[in-house]
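Visitor: Hi! Could you walk me through this one?
Guide: Happy to, let's put it on screen.

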Amino acid sequence: MLEFRYDTQLLIDGTDLDEDVIRAYFMNNFNGDCLLAVGDDETIKIHYHTNEPWKVLEYCSSLGEIYDIVVEDMDRQSRGLKG
């Protein structure tokens, strides 16, 4: 069993986005691992493993428009099922 089940990925379009601020918010407010928050002040790519992807989506949507959202169940994938 994986500690963090859901691979959560998305893009954020906004203004004055700061990947360091976003990364710090994740580290202080969410439980998970494998965080990737990269981009520029208008677009940020998020990749994060968590058990609560809805919290990630809620936070990211507060920063701007979110799209290309993918939430995959890595536990199902490890059992050979569609994630």
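Guide: What follows is a chat about a predicted model.

Visitor: Good to know. Let's start with strands. Which strands pair with β1, and in what sense?
Guide: β1, residues 6-13, has antiparallel pairing with β3, residues 43-50, over eight bridges. Seven bridges join β1 to β4, residues 65-73, and these two also run antiparallel.

Visitor: What stands opposite D13 on each side?
Guide: In β3 the residue opposite D13 is T43, and in β4 it is E65.

Visitor: How many of the eight residues of β1 are buried?
Guide: Six of them are buried, so β1 is largely enclosed by the rest of the structure.

Visitor: Now the core. Which residues touch the most other members of the largest nonpolar core?
Guide: That core has 13 residues, and the ones touching the most other members are I12, I22, F26, I46, V56 and C60. As for where the core comes from, β1, α1, β3 and α2 each supply at least two of its residues.

Visitor: Tell me about I12. What is it in contact with beyond its neighbours within four places in sequence?
Guide: I12 is in contact with L17, then with E42, T43, I44 and I46, and further along with C60, L63, G64, E65 and I66.

Visitor: Changing topic: how many aromatic pairs are there?
Guide: The count comes to six. One of them is Y25 with F30, an edge-to-face pair with 5.7 Å between centres and 75° between the planes.

Visitor: Are those two buried or exposed?
Guide: Y25 is partly exposed at 33% relative accessible area, while F30 has a relative accessibility of 12% and counts as buried, because the cut-off for buried is under 20%.

Visitor: What about F26 and Y59, how are their rings arranged?
Guide: F26 and Y59 are edge-to-face as well, with centres 5.9 Å apart and planes at 80°. This pair links distant parts of the chain: F26 sits in α1 (residues 19-29) and Y59 in α2 (residues 53-61), 33 residues apart. Both F26 and Y59 are buried.

Visitor: Which residues form the aromatic cluster?
Guide: Y25, F26, F30, Y48 and Y59 form one cluster. F26 also appears among the residues touching the most other members of the largest nonpolar core.

Visitor: On to the backbone. Which residues other than glycine have a positive phi?
Guide: Two to look at are D16, with phi near 55°, and C34, with phi near 60°. Why look at them? Because most residues other than glycine have a negative phi.

Visitor: Where do they lie?
Guide: D16 is in the loop between β1 and α1, whereas C34 is in strand β2, residues 32-39.

Visitor: And are they buried or exposed?
Guide: D16 has a relative accessible area of 68%, so it is exposed, the cut-off being over 50%. C34 is partly exposed at 43%.

Visitor: Last stop: D75. Where is it, and is it buried or exposed?
Guide: D75 is in helix α3, residues 74-78. Its relative accessibility is 14%, so D75 counts as buried.

Visitor: What does D75 touch?
Guide: Not counting residues up to four places away in sequence, D75 touches L2 and R5.

Visitor: Lovely, thanks for the tour!
Guide: My pleasure!

Methods:
Residues are numbered from 1 along each chain as its sequence is written. This is a predicted model: local features need pLDDT of at least 70, side-chain atom pairs count only at pLDDT 80 or more; totals for chains, interfaces and linings use all residues. Side-chain values use heavy atoms; hydrogens and water are left out. Rings of Phe, Tyr and Trp (its six-membered ring) pair if their centres lie within 6.5 Å; planes under 30 degrees apart count as stacked, over 60 as edge-to-face and the rest as tilted. Buried means under 20% relative accessible area, exposed over 50%, partly exposed in between (1.4 Å probe, protein chains only). Helices (H or I, at least four residues) and strands (E, at least two) are DSSP runs, numbered from the N terminus. Two strands pair if DSSP finds at least two bridges between them. Contact means heavy atoms within 4.5 Å. A nonpolar core is a set of buried Ala, Val, Leu, Ile, Met, Phe, Trp, Tyr and Cys residues joined through side-chain atoms within 4.5 Å.
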